[in-house]
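This report describes selected parts of one protein model for a reader who is new to structural work. Please keep the sequence and the structure in view while reading.

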Amino acid sequence: MLKNSFFKIIPFLFFIVLFNSCDKEFNVIGEDLIGDNSFDIHKEEFPVVAYNQKLGPIQSNNLEINALGIYDNPSFGTTKANFVTQLTLAALNPDFDATSKIKSAVLSVPYFYDSKKTVLNTDGSSTYVLDSIYGPNLAKMKLSVYESGYFLRDLDPEEQFSQPQKYYTNQYSDFFAVKVGAHLNDSPSRAENEEFFFDPSEHVVTTTPTDGTAAVTTRTAPAMKLNLNTAFFQKKILEAPAGKLADHALFKDYFRGLLFNIESIGTNPGNLAMINFKAGKITITYTQTVDAKEVEKTMVLQLTGNTVSLLDQTNTQPGYASATNQDNINPINGDANLYLKGGEGSLSILKLFGDDNFGADGVSGIPNGVPDQLDIMRTNKYLINEANLTFHLNSNAMGTSYVPQRIYLYDFKNNQVLIDYVDNSTAVNTKNNKFVFGGILNKESEANGGGSFYKFRITNHVRNLVRYADSTNVDLGLVVTEDINKFAFNSLRDKAGFPLKAPMASVMNPLGAIVFGNNIPINDENYKKRLKFEIYFT
């Protein structure tokens, strides 16, 4: 028995000795690697030049979110946003006849609100806090909704009808000149026209049934609710010529849409709201005689056709005007402050890695079209662990201006996303998706000054530049963005100017951010907040 046990133990002991020998050898190899300085991780700040670029009128049709109102931005100037939309029939060939008589035509467009701040009261009502509203609370403006006389084409005849038609931010006069008749929102309630404001109150409608049953109260979230002229819709819709409501294309030409025109009241500041107009509708309620009985019916016009956001920039602040003046821009050494303005605004252009004075090794020979710092990294085969661009907000220059929650970095030369944008990180708020790529407004700790900054990780972009000698060190573009998930590019109206395109999501955002650039003297108090291009490498 003992003999059998002994022979069973021998293989077990042999295995332990062998395992221990392997483990020691592994540890020795690991110690050699860690002890080799060539594998230490280094952090270094590399050259970057960033300068301003003003944008002219830019394509603004069929944006997913549109601005309406007036915002007096202390850092940039006044933006007035008007809006044009086509209408579509929710159902073709509505059943009208000679007995059809209109009762009401109500335009309803929901507002964005912060659901986390919504309070349910004990009486069943709710208190809401509107979101994406800029300017003083409940500021009053004059709102006029007109029938549009401008036909919005789907396709561009100048492109042989092969490309979508483009409309631009500066075409307000084109649309206003052909508006039809008086404003349709002619309710006696001045809050619907002469003294319009973005009302955060819920809408309450109480209906008393004719059968004697209890009244029914319906509560809905805040929305633009406008009672439109019933005589107009009686003639335009209920008494429309034959065939005009039978086909979407015919209807869009017959009723060319609505123009939302906003005006300030005296010297009062206004409000500007971001609105999803495509969620809006006009509900027409009418009566009709059926089997000798009067029956109430409804039909719906949707705000889902072609749209145009019309933006007018006035009272431009001197600092913004000066910084984006072509004569003051410094593309060689960079600018001290970068002005990023949405809409018909401005962007910044970035050049990474500095000058090209030498050849392929970065220290000798004639210039080869590649920055010397990048040549040196390629020659020494640096392994890139992480690469970041950090932009600090110039809080003093921003003053009381609303701060964009996100900015966006892209390939400026080719008008396309960077490889690091292909980031599947998601958040509850979809506007915070791709948070690994970055660009989200962050706060520094009090120990570091408590300021705000935006940070981008461009590790894969830099890694490819170092690894592949045929990779082009393209200029990068920097803009504000309304939605990081949107990466399409819109065309500028000047087809021969510079640049030719800019990110569509920037056109959607009415705000602006002023961040520090790279060209700040070392003895300046803001030197530590300058634009930084940092790389961790092995």
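## The sheet containing β1 and β29

In this predicted model, Phe-46 has Phe-533 of β29 as its bridge partner. The two strands concerned, β1 and β29 (residues 532–537), run antiparallel and are joined over five bridges. Helix α8, which spans residues 459–467, packs on the sheet and touches β21 (384–392), β24 (452–457) and β29. The direction of helix α8 makes about 125° with that of β21.

The complete sheet is open and has five strands, arranged in the order β1-β29-β21-β24-β23 with antiparallel pairing. Its edges are formed by β1 (42–46) and β23 (442–443); each has a single partner strand, so one side of each lacks a neighbour in the sheet.

## The sheet containing β16 and β17

A second open sheet also consists of five strands, here in the order β5-β17-β16-β6-β13, and its pairing is antiparallel. The strands at its edges are β5 (88–89) and β13 (223–227), each of which pairs on one side only. Helix α3 (residues 230–238) packs on this sheet, where it touches β6, β16 and β17. Its direction makes about 100° with that of β6.

Within this sheet, β16 is paired with β6 (residues 101–110) in the antiparallel sense over seven bridges, and with β17 (residues 293–302), also antiparallel, over ten bridges. Ile-282 illustrates both pairings: this residue of β16 is the bridge partner of Leu-107, and its bridge partner in β17 is Leu-301. Elsewhere along the β16 and β17 pairing, Thr-285 stands opposite Thr-298. The strands β16 and β17 form a hairpin with two residues between them. In the turn, Asp-291 has a positive phi of about 55°.

## The surroundings of Asp-423

Asp-423 lies in the loop that connects β22 (407–411) and β23. What is the nearest side chain of opposite charge to this buried residue? It is that of Arg-406, at 6.2 Å. A salt bridge requires a side-chain nitrogen of Lys or Arg within 4 Å of a carboxyl oxygen of Asp or Glu; Asp-423 has no salt bridge.

Other interactions of Asp-423 can nevertheless be described. Its side chain makes a polar contact of 2.8 Å with the side chain of Ser-425. The side chain of Asp-423 also reaches the backbone nitrogen of Val-436, at 3.1 Å. When residues up to four places away in sequence are not counted, Asp-423 touches Lys-434, Phe-435, Val-436 and Phe-437.

Terms used:
Residues are numbered from 1 along each chain as its sequence is written. This is a predicted model: local features need pLDDT of at least 70, side-chain atom pairs count only at pLDDT 80 or more; totals for chains, interfaces and linings use all residues. Side-chain values use heavy atoms; hydrogens and water are left out. Two strands pair if DSSP finds at least two bridges between them. Helices (H or I, at least four residues) and strands (E, at least two) are DSSP runs, numbered from the N terminus. Contact means heavy atoms within 4.5 Å. Axes are lines fitted to C-alpha atoms, for helices over the stretch in contact, and angles run from 0 to 180 degrees between N-to-C directions. Buried means under 20% relative accessible area, exposed over 50%, partly exposed in between (1.4 Å probe, protein chains only). Lys and Arg count as positive and Asp and Glu as negative; His and the chain ends are not counted. A polar contact is a pair of N or O atoms within 3.5 Å; within protein, one must be able to donate a hydrogen and the other to accept it, and residues adjacent in sequence count only if both atoms are side-chain atoms.
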